[in-house]
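Reader: I am new to this structure. Could you walk me through it, step by step?

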Amino acid sequence: MEADLRTGRARPRLDLSGRLIDDPARFIVDQTRLAPVAFVPEIQLYQADEATALWHLTEAALDRADMPPPFWAFAWAGGQGLARYVLDHPEIVKGRRVLDFASGSGLVAIAAAKAGAAHVEAIDIDPFAVAAISLNAAANGADISVRQADIIGSAGGDFDVLLAGDVFYDPGFAARLLPWLAALATRGVTVIAGDPDRTYRPLARVHDLARYDVPVHPALEDAAVKRVRILGFDNCEGFQTVLPGEPGFA
């Protein structure tokens, strides 16, 4: 059993037959396969072949009917593009302390470790993501610290670079996230996001570092290839964050 982060009550992890899932890592290994990432073949991840069935299975496992897709089971477009950028530009992270925010599968964190980061921490709120990140890090020989936490609004201070792949998909989440990213950038943290033109991406006070055409899982997106922008957040005093519904969002 584990505690629900919202209520504090214990909630079971169940498989399709209703049996308790005592080992999320085993669940992941059983429901996915280790395979190279399409746009970052240097890295292998435990990936699902089909989204909907695993999504429903995860909802059953967490005893919830409102779960988002199992982000940890797929290499999403923004994360693929950002991982590619980090591997192609290792100077961004080499010798620095890196945080992979909303890490999902851990793809970007693994790329940072391979590119020579001094320390890499991957953070996600999903307990299955935490298990997936650990599995994927081990499969790639990457030394990564993993933590289940919601750190939006924290002061930072223990990382020099924040990497975020595909995080601007929800208006409420973007409204919480953007002021924090802006504040970190203003304090000197290097903040870089990979975004495939999601609806709530920022347009103000960011600049394109690179663009990639990234192949994606057909069950997840509306196209076989997505254009991903690698966005650098500007280090600006007096940064005024543009929120959903205001000019500056796509």
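Author: Happy to! Keep in mind that this is a predicted model. A good place to start is His 89, in the loop that links helix H3 (77-88) with strand E5 (97-101).

Reader: Is His 89 buried, partly exposed or exposed?

Author: Buried means under 20% relative accessible area, and exposed means over 50%. His 89 has a relative accessibility of 27%, so the class that fits is partly exposed.

Reader: In what order do the strands of the open sheet come?

Author: The sheet has 7 strands, and their pairing is mixed. At its edges are E7 and strand E10 (206-215), each pairing on one side only. From one strand to the next, the twist averages 20 degrees. The order is E7-E6-E5-E8-E9-E11-E10.

Reader: Which strands does H3 touch as it packs on the sheet?

Author: The direction of H3 makes about 110 degrees with that of E10. The strands that H3 touches are E8, E9, E10 and strand E11 (225-233).

Reader: What angle does the direction of H5 make with that of E7?

Author: Helix H5 (residues 127-139) belongs to a right-handed β-α-β unit with E6 and E7. H5 packs on the sheet, where it touches E6 and E7. Its direction makes an angle with that of E7 of about 175 degrees.

Reader: Which residue in E7 stands opposite Ile 123?

Author: Strand E6 (residues 119-124) pairs with strand E7 (residues 145-148) in the parallel sense, over 4 bridges. Opposite Ile 123, in E7, stands Arg 147.

Terms used
Residues numbered from 1 in each chain as written. Predicted model: local features only at pLDDT ≥ 70, side-chain atom pairs only at ≥ 80, totals over all residues. Heavy atoms only, no water. Helix = DSSP H or I, 4+ residues; strand = E, 2+ residues; numbered from the N terminus. Buried < 20%, exposed > 50% of the residue type's maximum accessible area, 1.4 Å probe, protein only. Pairing = 2+ DSSP bridges. Right-handed = clockwise from strand over helix to strand, strands pointing away. Axes fitted to C-alpha atoms, helices over the stretch in contact; angles between N-to-C directions. Contact = heavy atoms within 4.5 Å.
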